[in-house]
Structures are given as structure tokens and as C-alpha cells.
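Subject: Model for you to look at

Hello,

Here is the model I promised to pass on. Please open it alongside this email; my notes follow below.

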Amino acid sequence: MDTVINALPFLMDGLKVTLYIFVIAIILGFIIGLIVALFRLAPIKILNWIAKIFVDAIRGTPFIVQLFFIYFGLNSLGFFSMDNTTAGIVTVAINAGAYFSEIIRAGIQSIDKGQTEAARSLGLNATQNMRYIILPQAFRRMLPTITNQAIISLKDTSLLSVIGIADLTQEGRIQASQTFEAFTIYLTLGVIYFIIIYLLSMLASFVERKFVLR
Amino acid sequence: MTMIRVENLKKSFGPIEVLKDISTVIEEKEVVCVIGPSGSGKSTFLRCMNRLEDITGGHVYIEGTDITDPKVDINKVRQDVGMVFQQFNLFPHKSVLENITLAPMKLKKSDKKGITEKAYALLDKVGLREKANAYPGELSGGQKQRVAIARALAMDPKIMLFDEPTSALDPEMVGDVLDVMKQLAIEGMTMVIVTHEMGFAREVGDRVMFIDGGFIVEENIPAELFGNPQHDRTKAFLSKVL
């Protein structure tokens, strides 16, 4: 128990970093996902291709390779220098963005064609149709899948410890090696992740209940 | 005044030519009922009137504006052409009132209060004022279709297009919807109605148009078309549906 109590302040510092990275990355990822989804559905071939290549590239490569590519690879070109936190946020955002885009695309396509026809027949243009009619309905449908991807991304942030970001996992590793109480520390680490993810799911189902049922 | 002029309209879906050569003129306040077997192209014809279908050939003029011209602001034209669908297509995430006010709020410059008042007046007209705050999922088919009519009317259209408005309704709901449409016709709305309700077409239509195989086979005043059809195909069709 003492081990846990002594380690907890360090783990909480790590948790703050994890949550900070997660929140920024997930918001950016969502914006990326929305843009890529709209590219994918746009009536312009070149945009479709850009979106498809992006999604395939991200889906077809491991997260850790993407992280190394962005942090070590891009930095090695010498055009700019990105610190590890920025690289971590960018990687999680891009990775989540690719998966979000597929979720959003499927959500948009799941809305009945008649909705667009009704909206357009009233004189709404394509953008107004998307904004007021299609996306609000699509988001309600997507929420469970979006939550799922957000949880995966939260867990992915633990991989950022390998580029030295002092996130929850990294702090746990440090504590484990300093105390030689690996069992206790990693169990605590797992419990903390579990609680955070559990809270996230509860938040999501609250939002769902509030908006989806109608 | 001519509201709709259709000249040699052609429409293909890939290799399939659905509308082969359609020309007609629809005058202000005229009520035209379009009948024909399923697959004849009558719904496609209607959907070309507001360019929900891309037009393959020919011209469609709405109040003199050629909507086949790619430079035309089709959104502007559509504000004057209301449409009612077989499947209602109400916005399920919006209340009845919001369904009606959404487009005017976004597209018309007039004040918010005026639009809401107008929406209530339209709900009175279709007999659904007490449903203003209900959601489409809580309404029966007939109620949904009447809301859909109110929604289209909220844009003050000069023309109303109806695409089989009663085909998805339970029989006991059909009358309420037809009554609303009849009232609109009496008030002088220009209407094009694709329908299987022959009794309604005969009673309310100024003209009935029989479409088959991508052509207008025959068009006439209802008494003549139903009482004295000239073409064999019209006769064959009417013998099946009457």
C-alpha cells in the first residue's frame, strides 16, 4: 500500500500529461476525420483519392511506426524541430483522424437519401444540407463507434512513453524500476487506465441517452 | 402565365433511357395529375422539374428560367418549387415546428417571429397545430405527410410537386392528405401530382397526363381522358386501375 501511496503523486503527474495529450489529439483527430470524410464523399475525384490514400496509409501501418516516422523521421529532415509532446499529439490526432473519417463517412452514408432530397428541394444548398440535416443525424448514429475509437486512442497514448513523453505509462515505468515493485505499480497503472476509460464510456452513454433517443 | 415549360426532355440512367421525349406546358393555377404504370418514368419526370435528377437532354423552364442551364442558381429556383415525397422525408431530429421553419429561417430574410407565426398558420391549415412540438417519429403517416406539405408551403412556393403523396399511407389516412391538397388546388396553387388516386385526379385535376414508356401518351381534361381515352395503352392501363 505504501508503494502505491508514494507512487501516486508521480502517476497523477503522468495522468495529467496523458489526458492533456488525449484531449487535444482527439479534438484535432475529430476535425481531421471530418475533413477527410468530406473529402472522401466530395464529388471531386482528386479529393477522394487523397482521402483514400491517407486512410489506407494510416490503417495499413502500425501506430508505433507512425510515431517514429513523425518524431524521428520528419525531425531528421531538418526543416523544423518538433518536441516529443507535439509529435505525440500529432501522431495520435492523425491516427485517430483516419479511423474517425471512416466512421463519419459511414455515418453520413447511412442517412437516407430522402433527407438530402427534402433539404435540397426546399432550396438549401449542399453545405446547409450537410450542416443542418445530415451531420446532426449522422453524429447521433456514430456516437457509440466514435467513443470506441476515442478509447482506443486513449490507450494508444501509452505508446508515447517510448519517445520519452512523461505520460502515465512512462511515470509507471519509472516508479516500477525505482521501487522494484513492478507487480503493484503496473496493477495500479492498469486500474487508473481502467477508471479513466470507464468514466469516458459513462460520459458517452450519458450524451447518447440525452441526444440519440427521439 | 406559364409556370413550367418542358421541351424535349430526356433522362437516362446509364444506358437506360427513362424519359425519351417529353414536352408540355403547365400554366399558373393549373393542377396536373400524372398517371401511368410503375416504371413509366412519371416520378422521374416530376423530379426533373426541380432538377433533383440531372437532366440528360432538352430544357425545363420554371417561370421562364431554364434550369438545365448550369449557370442557373438551382437553389434559388427550388425555393419556388415545393416538393412532397412518397416517403415524407421529414427531418427526424427536428420537431414538427422546426421542420417547417428550418428552411425559411436559413433562406429567407424575414424575421424569426413572422416565420414561426406563419408555421403555426400552416399547421392550422393542415390541422396539426397541437403537434407543433412533437417529433416526426411520434406522428402517423398521414400526419407526417401533412407536416411535409406544410414544410414545403413555408417557403411560399409558386409551384408544388407531389410524388405519389398517398402511396405510403394506410387507407384511412389518405383522405386527410387529399383534403389538404384539394384545398391547395382551390386556393389556386399550381400543382403537378404523380398519383395512383384516380378518383382524386378526376375530381381535382384540371388535366390528366398519362405517361408510359418515357413518353406522354395522352393528356386531356379528366372527363375526356378517363371517359374517352384515345390510345390503346391508355385504355389498357385504365381498365386495370379503374
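**Salt bridges and one buried threonine**

R47(B) is buried, with a relative accessibility of 11%. Its partner is E53(B): the two form a salt bridge, and their closest N and O atoms are 2.8 Å apart. E53(B) is buried as well, at 12% relative accessibility. Both values fall under the 20% cut-off, so both residues count as buried. Please keep in mind that this is a predicted model.

Next, a pair that spans more of the chain B sequence. D156(B) and K118(B) join their side chains in a salt bridge, 2.8 Å from N to O. K118(B) sits in helix α4 (residues 112–125) of chain B, and D156(B) in the loop between α5 (141–153) and β7 (159–163), so this salt bridge ties together parts that are 38 residues apart in sequence. Neither end is buried. D156(B) is partly exposed, with a relative accessible area of 45%. K118(B) is also partly exposed, at 30% relative accessibility.

The third pair is R207(B) with E219(B). Their side chains meet in a salt bridge at 2.5 Å, N to O. Here two strands of chain B are linked: R207(B) belongs to β9 (residues 207–212) and E219(B) to β10 (residues 215–220), twelve residues apart. How do the two ends fare, buried or partly exposed? R207(B) is buried, at a relative accessible area of 12%. E219(B) is partly exposed, at 29% relative accessibility.

Chain A has a network to look at. R40(A), K52(A), D56(A), R59(A), E102(A) and R105(A) are joined into one network by salt bridges that share partners. Over all chains, the structure holds 22 salt bridges.

Last, a residue in chain B to inspect for its packing. T234(B) lies in helix α9, which covers residues 232–241 of chain B. Its relative accessible area is 0%, so T234(B) is buried. Which residues does T234(B) contact, leaving aside neighbours within four places in sequence? They are F210(B), V217(B), E218(B), L225(B) and P229(B). Two of these contacts lead back to the strands of the third pair: F210(B) falls within the residue range of β9, and V217(B) within that of β10.

When you go through the model, I would start with R47(B) and E53(B), the buried salt bridge pair. Then turn to T234(B) and its contacts.

Best wishes

Technical notes: Residues are numbered from 1 along each chain as its sequence is written. Chains are lettered from A and ligands numbered from 1 in the order in which they are written. This is a predicted model: local features need pLDDT of at least 70, side-chain atom pairs count only at pLDDT 80 or more; totals for chains, interfaces and linings use all residues. Side-chain values use heavy atoms; hydrogens and water are left out. Helices (H or I, at least four residues) and strands (E, at least two) are DSSP runs, numbered from the N terminus. Buried means under 20% relative accessible area, exposed over 50%, partly exposed in between (1.4 Å probe, protein chains only). Contact means heavy atoms within 4.5 Å. A salt bridge is a side-chain nitrogen of Lys or Arg within 4 Å of a carboxyl oxygen of Asp or Glu.
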